[in-house]
Amino acid sequence: MLDLDELLGRASLKERIDELEAENERLQAQYEAESDRRAEAATARQEAEQRVNRLEDRIAQLEGELERLESDGDGSGLEVRRRERLRGARLAEVLDRLGSLRTASEGALTAVVGSPDGPGVEDLGAIDGDLEDVLGRERLALVDDAAPCLLCVDDAGLVSVTLDPPVLPDREPVWDDRFDLEREWFRPTGRHALALVRTDLFAVGIYEDEERLETHGFESDVKGSHSKGGFSQARFERIRDEQIDDHLERCREALRERVGDGAVDRLYLAGQRGVVETLAEETTVDPAPAATAAVDATGDPEAALEDAYRSFWTTELRVL
């Protein structure tokens with residue numbers, strides 16, 4: 001007798017989730033045991049915690065895939081037809097193609113999906129009552145997978161893509177005779193600043209369109225992993241937290257000096273997610289951050305800023 005889970009590919013996902021959860025529990029137990037040790041064990045504890053976080057992310061990803069398979073009525077396991085990361089000339093080319101499409105009145109939909117103020121994918125089927133007819137229930141699920149994103153689809157189903165621009169606009173869904181796409185959502189325009197923030201590094205560049213005019217950066221002395229040495233883990237963590245707080249205060253002051261008082265039209269923040277979110281919430285600089293992004297940029301301040309700039313101004317295209 002056929003096993004439906006095996007046939008639809010769900011059994012392997014479930015087995016993999018079980019394996020990862022078991023590994024996660026083992027690492028959690030290791031983490032708790034090592035937290036009571038001193039000196040040499042502290043480094044192992046931090047490494048175990050990082051592995052736990054990676055495993056939890058992987059479990060969440062696999063569970064999302066499993067939920068999508070289980071909600072797929074015919075078990076087709078539909079996937080996007082193509083993905084591409086776009087920037088520079090290639091991004092401009094794709095945006096020009098999308099912008100060149102013309103339809104009858106209200107034949108092209110542009111919708112922000114999954115933003116804090118925008119509709120979720122569950123609301124999109126109600127837009128003029130026909131989006132689900134164009135995409136189908138399965139491909140609507142692909143939009144959910146891509147969220148938060150910008151959805152572009154025409155009523156004939158000839159174009160159906162999602163984009164994740166660096167600057168996700170706050171827009172109501174709109175049917176028009178063309179897609180509503182603005183350059184500043186995808187590419188750097190005007191006078192702006194991009195700041196890179198890590199726990200031990202800060203760099204900010206001032207740009208006019210895509211040309212960098214100036215750079216300022218610094219590194220701070222922040223303790224890394226606790227290793228064999230003369231004080232307890234608790235004291236080590238307290239000192240490290242104080243050093244990070246001091247570093248973030250230096251970052252706030254640098255932003256006030258370099259981009260405040262009308263020096264730029266827009267400010268963007270990139271770097272380590274938790275640090276970026278903290279700085280975005282606590283900074284009082286004007287202009288306030290227009291967008292933030294988690295990027296993996298390493299090296300000295302100038303090299304890391306170049307890496308962050310490329311990553312930030314990259315858009316993922318998904319063809320549904």
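**Two sheets and a nonpolar core: a chat about a predicted model**

The protein chain holds 9 helices and 11 strands, and the model discussed here is a predicted one.

Colleague: Happy to look at this with you! What share of the 320 residues in the protein chain is buried?

Modeller: Glad you asked. A residue counts as buried when its relative accessible area is under 20%. Taken over the 320 residues of the protein chain, the buried share comes to 43%.

Colleague: And for contacts with a separation of 6 or more, what part comes from residues 24 or more positions apart?

Modeller: Here we look at contacts in the protein chain whose partners have a separation of 6 or more. Within that set, the part from residues 24 or more positions apart is 64%.

Colleague: Let's turn to the sheets. In the open sheet of 6 strands, which strands are at the edges?

Modeller: The strand order in this sheet is 1-11-4-3-2-5, and the pairing is antiparallel. An edge strand pairs on one side only. That description fits strand 1 (82-86) and strand 5 (174-176).

Colleague: Which residue is the bridge partner of A108 in strand 5?

Modeller: Strand 2 (residues 108-113) pairs with strand 5 in the antiparallel sense, over 3 bridges. A108 has its bridge partner in strand 5, and that residue is D176.

Colleague: Which strands does helix 4 touch as it packs on the sheet?

Modeller: Helix 4 covers residues 88-100, and its direction makes about 120° with that of strand 1. The strands it touches are strand 1, strand 4 (160-164) and strand 11 (315-319).

Colleague: Helix 6 is in this area too. At what angle does helix 6 run to strand 3?

Modeller: Helix 6 (residues 131-146) lies across strand 2, strand 3 (149-154), strand 4 and strand 11. Its angle to strand 3 is about 160°.

Colleague: I'd like to zoom in on T162. Is T162 buried or exposed?

Modeller: T162 sits in strand 4. Its contacts beyond four places in sequence include V143 and A146, along with C149, E316 and R318. With a relative accessibility of 1%, T162 is under the 20% cut-off, so T162 is buried.

Colleague: As a biochemist I always check the cysteines. How many disulfides does a search of the whole structure find?

Modeller: A disulfide needs two cysteine sulfur atoms within 2.5 Å. For C149, the nearest cysteine sulfur is that of C152, and it is 9.4 Å away. C149 is buried at 1% relative accessible area, and C152 is buried at 0%. Over the whole structure, the number of disulfides found is 0.

Colleague: Now the other sheet. Why is one side of strand 8 and of strand 10 left without a neighbour in the sheet?

Modeller: This open sheet has 5 strands in the order 8-7-6-9-10, with mixed pairing. Strand 8 (211-219) and strand 10 (289-294) stand at its edges, so the reason is that each has a single partner strand.

Colleague: Which residue in strand 8 is the bridge partner of F202?

Modeller: Strand 7 and strand 8 run antiparallel and are joined by 8 bridges. The partner of F202 in strand 8 is F218.

Colleague: At what angle does helix 9 run to strand 7?

Modeller: Helix 9 spans residues 301-312. It lies across strand 6, strand 7, strand 8, strand 9 and strand 10. Relative to strand 7, helix 9 runs at about 60°.

Colleague: Helix 8 packs on this sheet as well. Why do its buried residues fall on the same side of the helix?

Modeller: Helix 8 (residues 273-282) has V275, V276 and L279 as its buried residues. On the other side of helix 8, R273 and E281 are exposed. The buried residues share a side because they cover an arc around the axis of only 100°.

Colleague: Last one! Which element gives the most to the largest nonpolar core?

Modeller: That core has 21 residues, and among those touching the most other members are F202, L255 and L269. L269 also has contacts with V276 and L279. Strand 6 (191-197), strand 7 (201-208), helix 7 (233-259), strand 9 (266-271) and helix 8 each supply at least two residues. The element giving the most, with 6 residues, is helix 7.

Definitions and conventions
Residues numbered from 1 in each chain as written. Predicted model: local features only at pLDDT ≥ 70, side-chain atom pairs only at ≥ 80, totals over all residues. Heavy atoms only, no water. Buried < 20%, exposed > 50% of the residue type's maximum accessible area, 1.4 Å probe, protein only. Pairing = 2+ DSSP bridges. Helix = DSSP H or I, 4+ residues; strand = E, 2+ residues; numbered from the N terminus. Contact = heavy atoms within 4.5 Å. Axes fitted to C-alpha atoms, helices over the stretch in contact; angles between N-to-C directions. Arc of directions from axis to C-beta. Core = buried A, V, L, I, M, F, W, Y, C linked by side-chain atoms within 4.5 Å.
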